[in-house]
Amino acid sequence: MMAEKTSLLGGEDLTRNDIIVLVAPKKEIRDMLVEVNKITGANPDISFIVLNKATLDDMSFTRYVHNVISQVRVARLKGLLLCAKEDLNEQIREDLEMFADLIKEVG
Amino acid sequence: MKMINLEDIGNYESTLIVEESKSLQATINNVLRVIQDKPVIYIALIKPYVSILPRLEGDGIETDKIFFVDCVTEFAGGDVSEKQGNVIFIHEPTDLTNITITVTQFFEKIPGKKYILIDALRILTIYNTEDVVSRFMQSILEKASRNDAKVVAMTTKGKHTSLTNKVSQFFEKIMEVE
């Protein structure tokens with residue numbers, strides 16, 4: 001199962017896109033952290049960030065995500081961002097689609 | 001999904017394009033392809049200039065006549081100390097006064113017919129109230145009409161329809177993905 005998830009993160013997706021957001025159920029975030037670390041740990045040009053909504057309201061979270069993605073772009077890095085599915089509502093997901101180059105449901 | 005027909009965009013003084021968020025960048029590139037024979041003042045709110053430029057060039061769009069108002073780089077901690085191409089950096093997306101001043105400076109610098117492209121009104125509402133964005137949009141449209149400039153503003157579909165309703169009255173043409 002995890003091997004299948006890992007294959008979702010590699011190859012052309014990382015070549016073609018600068019910012020990829022991975023959306024996983026909260027209960028699988030820990031497993032995903034390990035798998036994504038294996039990819040980003042081997043490549044210093046990929047920045048790995050966990051987007052944690054925590055107690056932020058929707059608009060503050062959206063501003064935070066836009067700022068984080070913009071920082072990665074400005075630094076001319078690639079970004080792999082991991083986000084809990086439960087933190088997204090319809091509007092936040094739409095905004096993510098506008099900020100990122102690719103959104104992938106994993107897990 | 002239906003595509004918006006952009007071919008007659010030059011027939012209108014001001015156009016508001018309401019697009020799916022995932023198709024927004026492709027539509028922006030298509031708009032630029034249609035209007036690229038005239039100078040374009042590109043108000044960049046989604047991505048920094050360094051991310052936009054290679055994508056446009058890779059998509060075969062002429063960038064010589066595009067003047068960027070970059071509202072992202074400085075706010076995201078990027079280096080804006082050196083002069084870079086046709087770009088002016090705005091401190092942050094809340095600084096609407098400075099965006100307006102910069103657009104006015106470009107008006108003075110670019111004689112003749114030109115376009116203003118705003119890549120996402122939605123971003124402005126993340127950092128400002130809808131009323132402030134609405135007044136900003138009205139101000140840009142008034143200045144554009146006095147300076148031989150046509151305006152193309154992009155926004156995304158979604159739940160924030162109240163902004164679209166507020167500003168749509170200012171535009172001559174609304175183009176929306178069905």
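**Exercise 1. Determine which residues of helix H1 of chain B are buried, and what they pack against.**

*Solution.* The buried residues of H1(B) are Leu24(B), Gln25(B), Ile28(B), Asn30(B), Val31(B), Leu32(B) and Ile35(B). A residue is called buried if 20 or more other C-beta atoms lie within 10 Å of its own, exposed if 12 or fewer, and partly exposed in between, with C-beta atoms placed from the backbone. Helices (H or I, at least four residues) and strands (E, at least two) are DSSP runs, numbered from the N terminus.

These details come from a predicted model, in which local features need pLDDT of at least 70, side-chain atom pairs count only at pLDDT 80 or more, and totals for chains, interfaces and linings use all residues. Residues are numbered from 1 along each chain as its sequence is written, while chains are lettered from A and ligands numbered from 1 in the order in which they are written.

Step 1. Take Gln25(B), which has its place in helix H1 of chain B. Gln25(B) counts as buried because it has 21 C-beta neighbours inside 10 Å.

Step 2. Identify the partners. The buried residues of H1(B) pack against H5 of chain A and, within chain B, against strand E1 (14-19), strand E2 (40-44), helix H2 (49-58), strand E5 (114-118) and strand E6 (149-156). Contact here requires C-beta atoms, placed from the backbone, within 7 Å.

Step 3. Check the length. The expected span of a helix is 1.5 Å times one less than its number of residues. For the 12 residues of H1(B) (residues 24-35) this gives 16 Å, which agrees with the 17 Å between the end C-alpha atoms.

**Exercise 2. Describe the sheet of chain A and the place of strand E1 in it.**

*Solution.* Step 1. Place the sheet in its chain. Chain A has 5 helices and 4 strands, and along the sequence its pattern reads α-α-β-α-β-α-β-α-β.

Step 2. Write down the strand order. An open sheet is formed by 4 strands in the order E2-E3-E1-E4 of chain A, with parallel pairing. Strands E2 (46-51) and E4 (102-105) of chain A stand at the edges with a single partner strand each, so one side of each has no neighbour in the sheet. Two strands pair if DSSP finds at least two bridges between them.

Step 3. Follow the pairs. E2(A) and E3(A) (residues 78-84) pair in the parallel sense over 6 bridges, and Ile46(A) has Lys78(A) as its bridge partner in E3(A). E1(A) and E3(A) also pair over 6 bridges, with Ile19(A) opposite Gly79(A). On its other pairing, E1(A) is joined to E4(A) by 4 bridges, where Leu22(A) stands opposite Lys104(A).

Step 4. Examine the two faces of E1(A). In a regular strand the side chains alternate between the two faces of the sheet. Ile19(A), Val21(A) and Val23(A) lie on one side, Ile20(A), Leu22(A) and Ala24(A) on the other, and all are buried. With 6 of its 6 residues buried, E1(A) is therefore largely enclosed by the rest of the structure.

**Exercise 3. State how many residues of chain A are in contact with chain B, and which elements of chain A take part.**

*Solution.* Step 1. Count both sides: 18 residues of chain A are in contact with 21 residues of chain B.

Step 2. Name the elements. Helix H4 (58-74) and helix H5 (90-99) are those of chain A that give two or more residues to this side. H4(A) gives the most, with 9 residues.

Step 3. Sort the residues. The side of chain A that touches chain B divides into 4 nonpolar, 6 polar and 8 charged residues. Ala, Val, Leu, Ile, Met, Phe, Trp, Tyr, Cys and Pro count as nonpolar, Asp, Glu, Lys and Arg as charged, and the others, Gly among them, as polar.

**Exercise 4. Establish whether Ile99(B) is buried or exposed, and which residues it touches.**

*Solution.* Step 1. Locate Ile99(B) in helix H3 (residues 96-109) of chain B.

Step 2. Apply the criterion. Ile99(B) counts as buried because it has 23 C-beta neighbours inside 10 Å.

Step 3. List the contacts. Leaving aside residues up to four places away in sequence, Ile99(B) touches Ile43(B), Val69(B), Cys71(B) and Ile90(B).

Step 4. Follow one partner onward. Ile43(B) stands opposite Ile118(B) in E5(B), and E2(B) and E5(B) run parallel, joined by 4 bridges.

Note on methods. Contact = placed C-beta atoms within 7 Å.
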